[in-house]
Amino acid sequence: MAISASEISARIVEAVMAQKLAPGSRLGEQQLAMLFDCSRTIVREALTRLAARGIVTVSARRGWFVIEPSQDEAREAFEARRVIELGLIRSTGRIDKAALRQLKAHLQREKAALKESDVGNRSFLLGDFHVCLAECLGNTLLADTLRDFTARTTLIAMLYQSTHDAVQSCEDHVQIVAALERGDHAVAEALMAEHIGTVQSALRVQAPSDPLAQLRDALAPLHNTNAVAPAKPRRRKAAAPSPDDTTDSSTYLGALL
């Protein structure tokens with residue numbers, strides 16, 4: 001049976017959540033068509049859908065790439081998750097037994113993954129908990145939205161080198177489900193707010209980059225004035241450049257460095 005565009009886009013999102021596709025990864029249409037044994041038209045449809053969802057981006061000359069979120073986009077993504085997830089918990093009624101069983105089964109898979117060496121599966125399950133929670137709270141539309149935001153925050157964590165402990169993340173999930181089981185939505189909401197805040201604060205926000213930093217360091221004056229300069233070998237005087245010399249000065253400087 002031929003694969004659909006929806007299935008391809010779902011596989012790409014899963015790979016992002018499993019941290020198997022890094023920010024900036026190129027997604028070649030021809031390579032994906034060969035991998036999924038389908039036409040480039042199907043691949044292009046899948047990538048176009050992901051672009052609309054903010055997971056990939058396209059350049060007319062360079063092709064398709066997984067997004068590289070900026071620091072502002074990182075902040076906005078976490079703020080959006082707070083609004084959605086805290087609002088879901090606040091507005092839900094008593095969670096039913098079937099939903100609790102589903103959540104607890106997910107927690108068991110998380111705990112099992114922590115004991116294994118498959119980092120991808122662990123990362124996916126920790127992120128997918130939030131999608132599962134939205135589904136169990138009865139809002140599949142927001143679950144789909146959360147899947148995209150979770151994928152984005154996974155990319156953010158990869159790009160800004162999150163130091164958040166996976167074991168602690170799983171324990172946070174356990175406490176949230178326990179509060180929901182008790183019917184204590186206020187505590188569950190507070191725990192979720194703290195959990196999202198902890199994940200965000202673990203990101204090492206980088207200082208604004210200085211495009212001239214390397215050149216600035218290379219051309220900084222030397223301060224070791226006590227060093228004895230080595231004797232210069234005698235050589236012929238270089239000829240002065242001709243007036244019509246068209247050598248690019250930036251190229252020449254680059255060659256020197």
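**Helices, cores and a hairpin, one "why" at a time**

Me: What makes the length of helix 8 look right for a helix of 17 residues?

Reply: At 1.5 Å a residue you'd expect 24 Å, and helix 8 reaches 25 Å from its first C-alpha to its last, which is close. Keep in mind that this is a predicted model.

Me: What marks the two ends of helix 8?

Reply: At the N-terminal end there's a cap from Asp165, with a side-chain oxygen 3.2 Å from the backbone nitrogen of Val167. That distance falls within the 3.5 Å limit, so the pair qualifies as a polar contact. After the helix comes Gly183, with a positive phi near 80°.

Me: Which residues of helix 8 are buried, and what covers them?

Reply: The buried ones include Ala166, Cys170, His173, Val177 and Leu180. Their cover includes helix 4, helix 5, helix 6 and helix 9.

Me: How do you know that Cys170 is buried?

Reply: Its relative accessible area is 3%. The cut-off is under 20%, so Cys170 is buried.

Me: And why does Cys132 count as buried?

Reply: Cys132 has 4% relative accessibility, again under 20%, so the label fits.

Me: Why isn't Cys132 bonded to Cys136?

Reply: The sulfur of Cys136 is the closest cysteine sulfur to that of Cys132, but they are 4.0 Å apart. A disulfide needs the sulfurs within 2.5 Å, so this pair is too far for a bond. A search of the whole structure comes back with zero disulfides.

Me: What makes a group of residues a nonpolar core here, and which members of the largest one touch the most others?

Reply: The members have to be buried, of a listed nonpolar type, and joined through side-chain atoms within 4.5 Å. The largest such core has 36 residues, and Ile95, Leu103, Leu133, Ile156, Leu180 and Met192 touch the most other members. Helices 4, 5, 6, 7, 8 and 9 each supply at least two residues, with helix 4 giving the largest share, eight residues. As general background, nonpolar side chains tend to be buried together in soluble globular proteins.

Me: What is Met192 in contact with, beyond its neighbours within four places in sequence?

Reply: Glu85, Leu86, Ile89, His130, Leu133 and Ile176. Apart from the largest core lies another, of 25 residues, with Ala5, Ile8, Val56 and Leu155 among them.

Me: Which residues of helix 1 are buried, and what do they pack against?

Reply: Ala5, Ile8, Ser9, Ile12, Val13, Ala15, Val16 and Met17 are the buried ones. They pack against helix 2, helix 3, strand 2, helix 6 and helix 7. Helix 1 has 13 residues and reaches 19 Å, close to the expected 18 Å. Gln19, which follows helix 1, has a positive phi near 60°.

Me: Why is Ser6 called partly exposed?

Reply: Ser6 sits in helix 1, and its relative accessible area is 39%. Buried is under 20% and exposed is over 50%, so 39% lands in between. The C-alpha atoms of Ser6 and Ala46 are separated by 6.2 Å, though the two residues are 40 residues apart along the chain.

Me: How do you know that Glu29 is buried, and what does its side chain pair with?

Reply: Glu29, in helix 2, has 12% relative accessibility, under the 20% cut-off, so it counts as buried. Its side chain makes polar contacts with the side chains of Arg40, at 3.3 Å, and Arg44, at 2.9 Å. Both distances are within 3.5 Å, so both fit the cut-off. Leaving out residues up to four places away in sequence, Glu29 also touches Val43, Leu47 and Trp64.

Me: What makes strand 1 and strand 2 a pair?

Reply: Four bridges join them, and two strands pair if there are at least two, so they qualify. They run antiparallel, and a hairpin of three residues links them. Val56 stands opposite Val66 in strand 2.

Me: Zooming out, what does the chain add up to?

Reply: It has 11 helices and two strands. Of its 257 residues, 38% are buried. Among contacts with a separation of 6 or more, 74% join residues 24 or more positions apart.

Terms used: Residues are numbered from 1 along each chain as its sequence is written. This is a predicted model: local features need pLDDT of at least 70, side-chain atom pairs count only at pLDDT 80 or more; totals for chains, interfaces and linings use all residues. Side-chain values use heavy atoms; hydrogens and water are left out. Buried means under 20% relative accessible area, exposed over 50%, partly exposed in between (1.4 Å probe, protein chains only). Contact means heavy atoms within 4.5 Å. A polar contact is a pair of N or O atoms within 3.5 Å; within protein, one must be able to donate a hydrogen and the other to accept it, and residues adjacent in sequence count only if both atoms are side-chain atoms. The expected span of a helix is 1.5 Å times one less than its number of residues.
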